[in-house]
Every structure is written in C-alpha cells, then in structure tokens.
Amino acid sequence: MKWDEFFVTGEPMIYAAMVSIVVVSLAIPIALTYFKKWNWLWTNWLTTVDHKKIGVMYILAALLMLFRGGVDAILMRAQTAVPDNGLLDGQHYNEIFTTHGVVMILFMAMPFIIGLMNVVIPLQIGARDVAFPRLNAVSFWLFFSGAMLFNISFVIGGSPDAGWSAYFPLASLEFSPTVGNNYYAIALQIAGIGTLLTGINFLVTILKMRAPGMTLMKMPMFTWSVLITNVIIVFAFPVLTVALALMTLDRQFGTQFFAMQSGGMDMLWANLFWVWGHPEVYIVILPAFGIYSEIISTFARKNLYGYKSMVVSMVAISLLSFVVWAHHFYTMGHGVMVNSVFSITTMAIAIPTGVKIFNWLFTLRKGKISFTTPMLYSLAFIPIFTIGGVTGVMLAMASADYQYHNTMFLVAHFHYVLIPGTVFAVIAGFHFWFPKVFGFMLNEKLGKLSFWFIAISFNVTFFPLFILGLNGMTRRMYTYSESTGYGPLNMLSMVGAVGLTIGFIILVYNIYWSVRYSPRNIKSDPWDARSLEWSTHSPVPEYNFALIPTVNRLDAHWFAKKEGKPLATGKYEPIHMPNNSGLPIIMGAAFFFWGFFMVFSWWIPAIVFGVVILGTLAYRTFEKDHGHYISVEEIERTEKALRGEQHEN
Amino acid sequence: MKQLFPAQHVMGFLFSLLLSLVALVAVLFDLSFAAGMTILVVTALVQAGLQLFLFMHVKENAESKTLYLNILYALFVGLVTIFGTLFAMRWGYMVK
C-alpha cells in the first residue's frame, strides 16, 4: 500500500479536516501540560469507575458525535439543495450518508442514551453504583475506541460508502475494494461488545441492586424502560456480532457467506442486519419513552397514568421488536406469505405504542402543567412522533411499500420517529438531569429558544421529504436534474437544516453560558420531581446516598416530601466503594490499535495488540482489588458541606 | 456417608454420558437423515435440560422465576431468529 492510498487525498475539505485534527490533537496535550491538568484528568476522569462520571463522558462523546453527524447532514442537505450541484461528488456523498447514519445511530443516540442510563439508573433505584463498576468503564472505553476508529476512516484509508446498512453485494470486497467497509465491520464490532457489556451490567444492576422495598412494580418508569431495553440489547447484539464477524471473514479472509460467488447469499446479510437492526431502533426509543414518562408526570404534577399498561406495552414492544425485521426489505424477493406476516406484526406494534401515547395524554389531563424546557420537548414529541408512527403504519403495508421503498418518504419517516423520539428525549433528559449531576441548572430562556428553533426547523427540514418521496425522489441520490422539480422542496429542507444548526448552536452556547453564569447553590430537587435521584444532594456525592432509602410505593420521594418524612433514617456506616482503575482505558487503546491494524490487514501488529488485549484480561483475573471504604467522618464532612453548613473543625 | 455421596449427580453424570453415546449413533450407523436428526434433537434437548436443572441448579436459585423467564425469552428470540430467517429467506422466498 502506498502513502497516497493510506491517506485520503484530493479533497480540499478532507485536507482541512486533517489540519484541524492535527491542530486539535496537538492543542489538547499542550493545554493539559500548560494548565498542569494531566493528573487531574487521569485520576478524576480517565480511570474513573463512578457511574456518574462515566455517564458524563458518554454524553460528552455523544455531543461530539452529534457535531460530526450534524456536519455530514448539513453537507448532504447543501449538496441536494439545488439541482445539479457540484459541492460533493458521488463517492464523497456516498461516504457522507453512510457515516451520518452509523455515527448518529451507534455513536450519538446509543451513547447519549447509555450516558443518561449511567447517570440516572443507580440513583433512581437507590444504589451506590452499578453492579460491575469496572466493567462499566470497559464498556465506555470500548465504545469510545470503536467510535474513534470509525471516525479516523475519513482521513486514513477512506470512509465506508455502502450505506449504514452496508448491504451485500455492494459491501463485498468485489464492489467495495477500499478498507472503508473493514472500518465499518471492526469499529462496530468493538463498540458493539461495549454495548453488550452495558446491557448485562444494567440488567444485573436493576434486578439485584434496588433499594429495600422497591419491587419491580414500584420502579420509576425510566428504570422499567431501561430494564427492557437492556433485555433487548442482550438478545439482539449477539446477532450483530456474528453478522459483522461474517462480514470481516468475507472481506478479509476469503469466505463466501454473503459474497455472490460460490453459493453465498447476499440477502442473508440484510436479513441478519435487520434481525439486530429492528430491535436496535427500540433500544434507542424505549429509554426515550421512559424519559418522557418521568418528565411528563413531573411537570404535570401528577402520577403517571396507566403505570401497569405502560409496563405491559413496553414488554409487548420488546417481544414484537424481534418479529418484524423483514419489513425492511419487502421488495427484495419475498413471497406474499412472508410479506403478509411481517406486515401484520409490524402494524401490531402501533397498538402498544398507541397505548403509551394515550397514557401520556391522560397524564397531562387536568395536570398543573409547567412549561419548562424538558417539558416543551416532551409535549412537542407527542404530535410529531405520532406523524412518524402513522407514516410507519403506511410503510408497514407491504403492497403499498413497493411505492415508498427507498424513497425520501422513508427517510422522512425514520427521521420523524428518531428525532422527536430519541433526540428530543435525550436533550430533554439532558436539561432535566443536568442540575442533578452538576449542581446548577441550564438557562431556561436559552433552553426554550433552542427548543423552538429545533422543533420548528425539524419540521421544515423533514416534512418536505415526505412529499419529495411521494413525488419519486429516491434516497441516497447525490444529485438530480432541474426537470425533476425536486429543487424547491429540497431548498426548503436546506433552510430547515440551517435552523436546526442554529438551534444546536444555541444549545451548546447554553451549556457554556450556564457553566459560567448560572447560579450555584440550588436545591437538591429543583424541579420538584418524583423519583429517588432527587432525594440526594445536587451535585451527587461519590457514594450517592449517605443512607440507603427505603421505598414503600411508587414515587416514594414525592410522597416523602408531601408527608415530611425522611426516606432514610439511621446512623452512617462506612461505605464500600470500588477503586479507580487504568486498565479499562488501556484495554480500550489496545482494542483501538488492534482494530486499526485489522482494518488494514496488517496481521503482525494486529496479533501483537490482540495479545495485549488478552494480557489486560489475564492481569484483571489475577488482580486483587477489594475496593476502599469511605469513613463515617468523611461522610459526615461531605454531607455537611453539601447541606451548606460550616465545617466544625 | 450416604447423605454425603452425591448420588443424584453421579447418576445425572452417567446419564449425560449415555445421552452423548446415544447421539453418536447418528454418526456411527448408516441412518436416514430424518432418523439421525430426530435422535440428535431429542438427545440434545434432554441433555440441555439435564445440565440446566441438575448441574446449573436453576431450581435451587432464589430467583428461579426470573431465570425461567429469561430462558423462555432466549428460546423465543433464538427460535424466532432461526425459523424466521428460514421462513423469510428460504421457504417464503419467491426467487428459488
């Protein structure tokens, strides 16, 4: 391989990206050295096993990836804004829509959700950490190295260009000979293992570590949604692992599972991909439903309507999510029987989802609604998501789908479910739980301003795509002639995309503004909320709860406030906490380099780093680490400081 | 002494060895495909049950209900994936 094949060349935008990557990767260590922050960064963040800090790192990485995926999106909209545009060539456009999809789903939506999960779940169930804190750090670093590996592809070796679903035969070595799709297979594999570990970790945490008295049916709705999500993760991700391994074998080791020669079956990839892929969309939507449930009942000042039916419908969705996957490829040669079966199962999902929508509406009914930023996102979610759901039922009809398949109508549909569903939810959850983690609130005025920009621009961006799709514009086409008449609506969509960008810039500015000027010394429960996380201090101390609360009903914190009774009584006892460890980040780095050399089929260094990975596992096996205790005096000191009292000594 | 001797487990172990030997029949003798598969599937199911209940102590766990539910869910997902794939990609595929 020559150097000009190793680095991506010939594109001014890529050169600019290279320069900025070099500048940033020089600036960060220089700044850290100048401000003497290396030690702080290493001990407080990089080696942490604290679920709150891991959650914050997940969300930071997700915001970074939101920027990356957002730039891809803007470039796509700019390219298609006018007919016969020459901003991007076809190859570049292919790479951009591929990375946009992968980054937004796997490296933005997933980590954002998992980040909120990390921050909130142990607090919401009254636990002091997750079940396996070290494993939690490993999950994060595997995700992070997967994400970084995927992201360097656009300057080194070239990005994957076969779509985020990477269908064969296009993704085979024969039709995609660059290393792009190797990046896809290896990076997703690494990040996917991290996600699988998270799934196991949170499943155990929720099943085993709930506060005394919190039975399953007394758990907050977000905890329920995360429990079900993790069940889906544990059962769906192994399919992706296997499919990606087969893809790697096909592309780099000469097997013929999906390739067309020697009896391979190209459609089997699409099949396996969606066996994982459809549950995956519920993995990103169910926690969102949980977040909305929390926010809506908090700001309607009412308990959640239909708690049991909420749980039952989520269980139903989790089962149905495994029996609908073939609706992603109705048009690819199935018989009538197959299409009918998958049509019916797909439409059936509308029933439990509809139940949930009505439950939220009934929770709002006669509530004393306060229109805070998180609540605005939740209220906007209901009607916009319903449009996404209804168009989903339209797409579910197999015979009608022959009309919609792979048109912009489909693109509009899944953005209409994913953005008001997942993105609005994680932003709402971000605003909602921000004070819990940092001890100050995000500015409400700026929050509302960004909400209006995002909510309105979202519709301006994506509603025209429904019409474009019905007019026959297919997805993934990089340009079109003026005579098609697609120009004006695409231009309108571009205007919306600019609005969305402004909205997200205000969101980021809000974080900056609040860090600098937002008043500190807020109460531990600034929203007057209902679940256990609000019963401890803001910001949360390392050990979460000085005394573990006892729960006797749903919304125990709310009723404890009303009745003026504390949730926990007793004397402080020394608290057992896990030790920090540098092993997870070393393991993540080893996975990154292993992945990088695998991508380029440089076997010797790949084997070396494979051995390093095994070495970290072996080290952990023989490591004796019993954690540490926080003494009663230290707990008393921390509690007093957090209550704002003076130190006694 | 009698109480200390794990008779149940020894019997179970011998039985699982026997099941493996029976499964070997499918290879050693010249059986039809259907007969061989039947023997394999039956012995595999009995073997899995034996391992699960006798050696992995599913019953003795305090939360056996959760475990059963988990096994059921896994079976559901596994069977749906396998037979669903066969259904979509083989039996119900138009292009043969």
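A residue counts as buried if 20 or more other C-beta atoms lie within 10 Å of its own. By that cut-off, 29 of the 31 residues of H15(A) are buried, so this helix is largely enclosed by the rest of the structure. The model is a predicted one.

**Two chains side by side**

Chain A has 21 helices and 2 strands. Chain B has 3 helices and 0 strands. Its elements run α-α-α from the N terminus.

The table sets out the overall values for each chain.

| Chain | Residues and buried share | C-alpha extent along principal axes |
|---|---|---|
| A | 649 residues, 51% buried | about 75 × 60 × 45 Å |
| B | 96 residues, 5% buried | roughly 65 × 40 × 10 Å |

Chain A fits the globule rule. A compact globule of 649 residues would have a radius of gyration near 26 Å, and chain A has 25 Å, which agrees. Chain B does not follow suit: a compact globule of 96 residues would come near 12 Å, but chain B has 18 Å.

Contacts in chain A link residues well separated in sequence. Among contacts with a separation of 6 or more, 82% join residues 24 or more positions apart.

**Chain B and its contact with chain A**

The domain assignment divides chain B into domain 1 (1-56) and domain 2 (61-96). The centres of these two domains of chain B, taken over C-alpha atoms, are separated by 23 Å.

How many residues does each chain bring to the contact? Chain B gives 15 residues and chain A gives 16 residues. On the side of chain B that touches chain A, 10 residues are nonpolar and 5 are polar. No charged residues occur on that side.

**Two kinked helices in chain A**

Helix H13 of chain A covers residues 373-396. At 1.5 Å a residue, its 24 residues should span 34 Å; the end C-alpha atoms are 34 Å apart, so the two values agree. H13(A) nevertheless holds a kink of about 35° at A:Phe381. The kink lies shortly before the proline A:Pro383.

Helix H15 of chain A covers residues 408-438 and also has a kink. Here the bend is about 40°, at A:Phe432. It comes shortly before the proline A:Pro435. Just after H15(A), A:Gly439 takes a positive phi of about 80°.

**Two loop positions, buried or exposed**

A:Thr48 sits in the loop between helix H3 (38-46) and helix H4 (51-80) of chain A. Is A:Thr48 buried or exposed? A:Thr48 has 24 other C-beta atoms within 10 Å, and therefore counts as buried. Leaving aside residues up to four places away in sequence, A:Thr48 touches A:Lys53, A:Ile54, A:Ala137 and A:Asn580. A:Asn471 is another matter: A:Thr48 and A:Asn471 are 423 residues apart in sequence and 53 Å apart in space, C-alpha to C-alpha.

A:Gly644 belongs to the segment after helix H21 (632-642) of chain A. Why does A:Gly644 count as exposed? A:Gly644 has 8 C-beta neighbours inside 10 Å, and a residue is exposed if that number is 12 or fewer. From A:Gly644 to A:Leu410 the C-alpha distance is 54 Å, with their positions 234 residues apart in sequence.

Terms used
Residues numbered from 1 in each chain as written. Chains lettered and ligands numbered in written order. Predicted model: local features only at pLDDT ≥ 70, side-chain atom pairs only at ≥ 80, totals over all residues. Helix = DSSP H or I, 4+ residues; strand = E, 2+ residues; numbered from the N terminus. Expected span 1.5 Å × (residues − 1). Bend = angle between axes of the 7 residues up to and from the residue. Domains from an automatic or database assignment. Contact = placed C-beta atoms within 7 Å. Nonpolar A, V, L, I, M, F, W, Y, C, P; charged D, E, K, R; others polar. Rg over C-alpha atoms; globule rule 2.2 N^0.38 Å.
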